[in-house]
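Got your viewer open and a free hand for clicking? Load the model below and follow along, one selection at a time.

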Amino acid sequence: MNYLEPLFWLALLKIIWINVLLSGDNAVVIAMACRSLPDKMRRTGMILGAGVAVGMRIVFTAIIAVLLGLPWLRVVGSLALMYIAVDLVVPEAEGEEGGVAAHDSLWRAVGTIAVADLVMSLDNVVAIAAVADGDWTLIIIGLVISIPMIIAGAALIMGLLARFPFLVWAGAALLGWVAGEMFVSDVKVLDYFGEALVHHYEYAAAAAGAVIVLALGWGMTRLRRGSHLPETHA
């Protein structure tokens, strides 16, 4: 991909937005793991933890990006991305959030952050690999950008998302759009329908992915909220 082309910068903006939406939990992990460190060590722990986690994520994303070239894996990745997008907008059930142990040792805190971040970052990794489409520059830039976002901007970002819920829904629609594109770009889909036909309907498939995500998210949100309504007694 040519770095002067608008498509490169559009893909980079997509990656930044995905990182903004999906890094909230990572920021919470960092804060919780470092909360017992002495004041002077806390910032160091946060920076080191995020740096190690992002380094591990680059390797993980590279592996996923290579695997996405295998038959059917883009289809699987597309379905996984849709699940991630729907999960982003559906409210959590009571008691679903877990805790992260605090550490008074810098390196134990960094280790906790790195492991927890890697476990929780499959959504980021699949989404970034899909958007980057094998472009290593985009993968690395997109992941490196997440360091200041996770450390410095997470509280502000989470506040904005809480204040303007439509941003979360717009982000879920973006992930659905990427999932639709990813589905039709699978090797087997291209072989079966032909590249010309797939390319002709690429935007329709992407739009369908966004609509499916929004419809499922809306329906599941209504169901989840309906199940928490207090029972009425005659």
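What follows is a short walk through a predicted model, from a pocket to a pair of rings and out to the surface.

**Stop 1: the pocket**

Start with the second largest pocket, which holds about 700 Å³ of space. To get your bearings, select Lys14, Val131, Asp133, Glu181 and Glu202: of the 22 lining residues, these lie nearest the pocket's centre. Now colour the helices that each give two or more residues to the lining: α1 (6-22), α6 (122-132), α8 (165-184), α10 (195-200) and α11 (202-227). Which of them gives the most? That's α8, with 5 residues. Recolour the lining by residue type and you should get 14 nonpolar, 2 polar and 6 charged residues.

**Stop 2: a salt bridge**

Keep Lys14 and Glu181 on screen and show their side chains. They meet in a salt bridge, at 3.9 Å from N to O. Don't go hunting for another, as the structure holds 1 salt bridge. Lys14 sits in α1 and Glu181 in α8, so this pair ties together parts that are 167 residues apart in sequence. Both residues also belong to the group nearest the centre of the pocket you just left.

**Stop 3: paired rings**

Next, go for the aromatics. How many aromatic pairs are there? The count comes to 4. For one of them, pick Trp177 and Tyr203: their ring centres are 6.3 Å apart and their planes meet at 45°, so the pair is tilted. Trace each ring back to its backbone and you land in α8 for Trp177 and α11 for Tyr203, so here the parts tied together are 26 residues apart in sequence. You've met both helices already, as contributors to the pocket lining.

**Stop 4: the nonpolar patch**

Swing round to the surface and select Val59, Ile63, Leu67, Leu70, Leu73 and Val76. Together they make a nonpolar patch of about 490 Å². Two helices, α3 (39-67) and α4 (73-89), each supply at least two of its residues, with α3 giving the largest share at 3. Val76 is on the α4 side.

**Stop 5: an odd backbone angle**

Last click: Trp72, in the loop between α3 and α4. Check its phi. Most residues other than glycine have a negative phi. Trp72 is not a glycine, yet its phi is positive, at about 75°.

How values were computed: Residues are numbered from 1 along each chain as its sequence is written. This is a predicted model: local features need pLDDT of at least 70, side-chain atom pairs count only at pLDDT 80 or more; totals for chains, interfaces and linings use all residues. Side-chain values use heavy atoms; hydrogens and water are left out. On a 1 Å grid over the protein atoms alone, a cavity is a set of points where a 1.4 Å probe fits but cannot get out, and a pocket is an open set with protein on both sides within 12 Å along at least five of seven lines; lining residues have an atom within 4 Å of a point. Grid points are joined across faces, edges and corners, and a volume is the space filled by probe spheres set on the points. Helices (H or I, at least four residues) and strands (E, at least two) are DSSP runs, numbered from the N terminus. Ala, Val, Leu, Ile, Met, Phe, Trp, Tyr, Cys and Pro count as nonpolar, Asp, Glu, Lys and Arg as charged, and the others, Gly among them, as polar. Patches are made of residues with over 30% relative accessible area and no salt bridge: like charges are joined within 9 Å, nonpolar side chains (Val, Leu, Ile, Met, Phe, Trp, Tyr) within 5 Å. Accessible areas come from the Shrake-Rupley method with a 1.4 Å probe; for residues, only the protein chains shown count as cover. A salt bridge is a side-chain nitrogen of Lys or Arg within 4 Å of a carboxyl oxygen of Asp or Glu. Rings of Phe, Tyr and Trp (its six-membered ring) pair if their centres lie within 6.5 Å; planes under 30 degrees apart count as stacked, over 60 as edge-to-face and the rest as tilted.
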